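Got your viewer open? Let's take a short walk, one selection at a time.

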Amino acid sequence: MGSLFDSITDWIKEGLIDAITGQYSGIFQSVNNQVTDVASQVGQTPQGWNAGVFNMIRNLSETVVIPIAGVILTFVLVYELIQMILEKNNMHEFDMFNIFKWIFKTFVATYLLTNCFTIVMSVFDVAQNVVSRSAGIINGSLNVSAAMASLQTQLEAMGVWELIGVWLETNIINLCMWILSIVIFVIVYGRMIEIYLTVSLAPIPFSTMANREWGAMGQNYLRSLFALGFQGFMILVCVAIYAVLVQSIPSAGNIHSAIWGTAGYTVLLAFALFKTGTLSKSIFNAH
């Protein structure tokens, strides 16, 4: 009778150990996938991330927004010309050089407006180049094999009830990791949607850059572009820090510490990714 009970106990333990190791391996594989996916997504330019969306945004910008921006540019330039004439005592003390200066400013403003999409994309090309050159700092991924070897030894020394507790823990952490993966997905992909939305209205702020009073709109827009572009660099730095921190997890002497440590670092990553947008805009003084 005792032998039968021992056999049933061993059978239950083997099943629990297999289930736990499968869940444990899934947790660490999820960590590796998150590091790889985030690093690859932030290294994409708007045209490289999704060509279909990019072409649609470009067509909307060129066919719908640029005509509106042209009207705004005309108003701004005419307003500046009138203001320039009036401030010189109704042209009684007028210098012809100011007319040439206004013509040159008109040429520059028109050139900026007609090439605004190229200028905007060049900002993201610069940011993407920085991200690509920095990608080498992400050189770590969790060694799942090492984690499994350590785990197997710890599990075999546990009793049935303790194994059931660990199995429940791994299920809870797996659910948490799945939720956090969705959060990270929303942050990374949401940044690209924000870029497309910002780029689609590029001609309007560009049409104001020629005027001293209205130019603050265009200047702030450029700062916002750089903030969005270099947010990718900050996301990459967050992932690099995360990849280094999780290296110590497989060598943790306690299985509970390893499991909850993985979840804790992933929560920390999600929080840090949320802060990158605000921090980037703060650095570039964009609002």
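Start by selecting Phe206: with a relative accessible area of 3%, Phe206 is buried. Keep in mind as you click around that this is a predicted model.

Now add Tyr221, which is buried too, at a relative accessible area of 9%. Across the model there are 8 aromatic pairs. Phe206 and Tyr221 make one of these pairs, set edge-to-face, with 6.1 Å centre to centre and 75 degrees between the planes. Colour the helices and you'll find Phe206 in helix α8 (residues 203-206) and Tyr221 in helix α9 (residues 215-245), so the pair ties together parts that are 15 residues apart in sequence.

Next, stay with the rings and select Trp49, Phe185, Tyr189 and Tyr196. Ring pairs link these four residues, Trp49, Phe185, Tyr189 and Tyr196, into a cluster.

Keep Phe185 selected and switch on the surface. Phe185 also belongs to a nonpolar surface patch of about 610 Å², together with Leu175, Trp178, Ile179, Ile182 and Val186. Zoom in on Ile182, which sits in helix α7 (residues 160-200). Is Ile182 buried or partly exposed? Its relative accessible area is 38%, so Ile182 counts as partly exposed. A patch residue needs over 30% relative accessible area, and Ile182 has 38%.

Last stop: the cysteines. Select Cys116, which is buried at 2% relative accessibility. Then pick Cys238, also counted as buried, at 16% relative accessibility. How many disulfides does the structure hold? The number is 0, so don't go hunting for a sulfur-sulfur link here: a disulfide would need a pair of cysteine sulfur atoms within 2.5 Å.

Conventions
Residues are numbered from 1 along each chain as its sequence is written. This is a predicted model: local features need pLDDT of at least 70, side-chain atom pairs count only at pLDDT 80 or more; totals for chains, interfaces and linings use all residues. Side-chain values use heavy atoms; hydrogens and water are left out. Patches are made of residues with over 30% relative accessible area and no salt bridge: like charges are joined within 9 Å, nonpolar side chains (Val, Leu, Ile, Met, Phe, Trp, Tyr) within 5 Å. Accessible areas come from the Shrake-Rupley method with a 1.4 Å probe; for residues, only the protein chains shown count as cover. A salt bridge is a side-chain nitrogen of Lys or Arg within 4 Å of a carboxyl oxygen of Asp or Glu. Helices (H or I, at least four residues) and strands (E, at least two) are DSSP runs, numbered from the N terminus. Buried means under 20% relative accessible area, exposed over 50%, partly exposed in between (1.4 Å probe, protein chains only). Rings of Phe, Tyr and Trp (its six-membered ring) pair if their centres lie within 6.5 Å; planes under 30 degrees apart count as stacked, over 60 as edge-to-face and the rest as tilted.
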